[in-house]
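The report below describes the fold of one protein chain, moving from its sheet to its core and then to selected helices.

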Amino acid sequence: MPRDLIDLHIHVGGAVAPHILWSIAHQQGFKLPVKNYFDFVELITSRPGKVGSLEDYLKILHTWTEKIQSSPSAIERSVYEVIGKEYRGSRVTQIELRFNPMKRNLNSELDLDHIIHAALRGMDRATLEYGVKVGLIFCLAREFDHALNSILVEKAIKYRTRGVYGIDLAGTEKNALELRPEVVPQYEDLFERARRAGLKCTVHTGETKGTGAEGVMAVVERLKPHRIGHGIRAAYDEAAMKLLRERDVVLELCPTSNLHTQAVEGLDELRHIVQTFWDRRVKFTINTDGPYLLETDMRREIELVEKNAILTPEQVDQTLAWARQYSFIPA
Ligand SMILES: [Zn+2]
């Protein structure tokens, strides 16, 4: 009997099947640069070699998938399809799905509440059909100014009792891929407001090669998140791992994503990082990040770590127990 899996780190922008996006694009009369379906698949998926960095990866999201998902009916169908696919394909019975509603409203041409309600409808429909436990996380964007991110926090608080359980900080700025210690304080009040309102918090940081663990430490100290997206650079810094352990912050690891964006050099480095966290008692979970964009799913992520002797099956079970324990969705 295959085990029930949990995905705590999955972006709607990278998780909808190409044929669904193709169908949505046509339904909406969206102008695509290609006329052939297979050229479209090529356009919106990443492969090692095609995507060489986090920047390349995010460009696919910003240019195509997020725009195609920008209408109430498009986001409703997207959310619905992602949950069903994860359950059918990998027996994912608990999923925290994240997206930025403000990257789905065509620069304020569409009403944000309509987008959010549509996403909640998609979530409700899938929950009813598959019995999966689902929650949404709203992603703040590093490239947004404080005022825009502040609106996102308010919306997350407004929908807190409807299934929006947390906020995240994601995205990129040109030449500022990493959340550097000096840029962290500008988010402090936003995260404090979210926490005080009862939301849980996670932050993307420590996922870029060539950066140190200072960004991870600054995030933990100033933003006080419950979890961290990636955080793999912390494996090279004892002080950062000590801090993660003391503050009981859990890492959301996404193995294939890190291999594709070359955040890690290869399986050997990935093994070193994961085993270092295990040895230092830093808690972590295994996640997909963007299953279709990265051509993976939860089942394949688990296979990847087990088959390459990165984790034993017993260790994988422990990561699933942590995922359940540290999920933002109330028990
Ligand atoms: Zn992510």
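## Sheet, core and helices

In this predicted model, strands β1 and β2 (residues 92–99) run parallel and are joined by 5 bridges. Within this pairing, Ile 10 has Leu 97 of β2 as its bridge partner. The two strands belong to an open sheet of 8 strands, ordered β1-β2-β3-β4-β5-β6-β7-β8, in which the pairing is parallel. Because β1 (5–11) and β8 (284–286) each have a single partner strand, they stand at the edges of the sheet, and one side of each is left without a neighbour there. On average, and with direction ignored, neighbouring strands of this sheet are turned by 25 degrees against each other.

Further along the sheet, strand β6 (residues 227–230) runs parallel to β7 and is joined to β7 by 3 bridges, with Val 250 of β7 as the bridge partner of Arg 227. Strand β7 (residues 250–253) is covered on both faces, since Val 250 and Glu 252 on one side and Leu 251 and Leu 253 on the other are all buried. In a regular strand, side chains alternate between the two faces of the sheet.

Taken as a whole, the protein comprises 13 helices and 8 strands. Its radius of gyration of 18 Å is close to the 20 Å given by the globule rule for 331 residues, so the protein is as compact as a globular protein of that length. Along the principal axes, the C-alpha atoms fill a box of roughly 50 × 45 × 40 Å. Buried residues account for 50% of the 331 residues, and of the contacts with a separation of 6 or more, 77% are between residues 24 or more positions apart.

The largest nonpolar core has 96 residues, of which Val 79, Ile 83, Leu 97, Ala 156 and Ile 167 touch the most other members. Two of these residues are set out below with their contacts, leaving aside neighbours within four places in sequence.

| Core residue | Residues in contact |
|---|---|
| Leu 97 | Ile 10, Val 12, Val 79, Val 82, Ile 83, Val 134, Leu 136 |
| Ile 167 | Ile 137, Phe 138, Leu 140, Val 153, Ala 156, Ala 194, Leu 199, Cys 201 |

Ile 167 lies in strand β4 (residues 164–170) and counts as buried because it has 30 C-beta neighbours inside 10 Å. Ala 194, which is 27 residues from Ile 167 along the chain, has its C-alpha atom 7.5 Å from that of Ile 167.

Which elements do the buried residues of helix α8 pack against? They pack against α7 (188–196), β5 (200–205), β6 and α9 (238–246). In α8 (residues 214–223), 7 of the 10 residues are buried, so this helix is largely enclosed by the rest of the structure. The buried residues are Glu 214, Gly 215, Val 216, Met 217, Val 219, Val 220 and Leu 223. Just after α8, Lys 224 takes a positive phi of about 45 degrees.

In helix α12 (residues 298–307), the buried residues include Met 298, Glu 301, Ile 302 and Val 305. Viewed down the axis of α12, its buried residues fall within an arc of 95 degrees, so they line one face of the helix. An α-helix has 3.6 residues a turn, so residues three or four places apart point the same way. Just after α12, a positive phi of about 55 degrees is found at Ala 309.

Note on methods
Residues numbered from 1 in each chain as written. Predicted model: local features only at pLDDT ≥ 70, side-chain atom pairs only at ≥ 80, totals over all residues. Core = buried A, V, L, I, M, F, W, Y, C linked by C-beta atoms within 7 Å. Buried ≥ 20, exposed ≤ 12 C-beta atoms within 10 Å, placed from the backbone. Contact = placed C-beta atoms within 7 Å. Helix = DSSP H or I, 4+ residues; strand = E, 2+ residues; numbered from the N terminus. Rg over C-alpha atoms; globule rule 2.2 N^0.38 Å. Pairing = 2+ DSSP bridges. Axes fitted to C-alpha atoms, helices over the stretch in contact; angles between N-to-C directions. Arc of directions from axis to C-beta.
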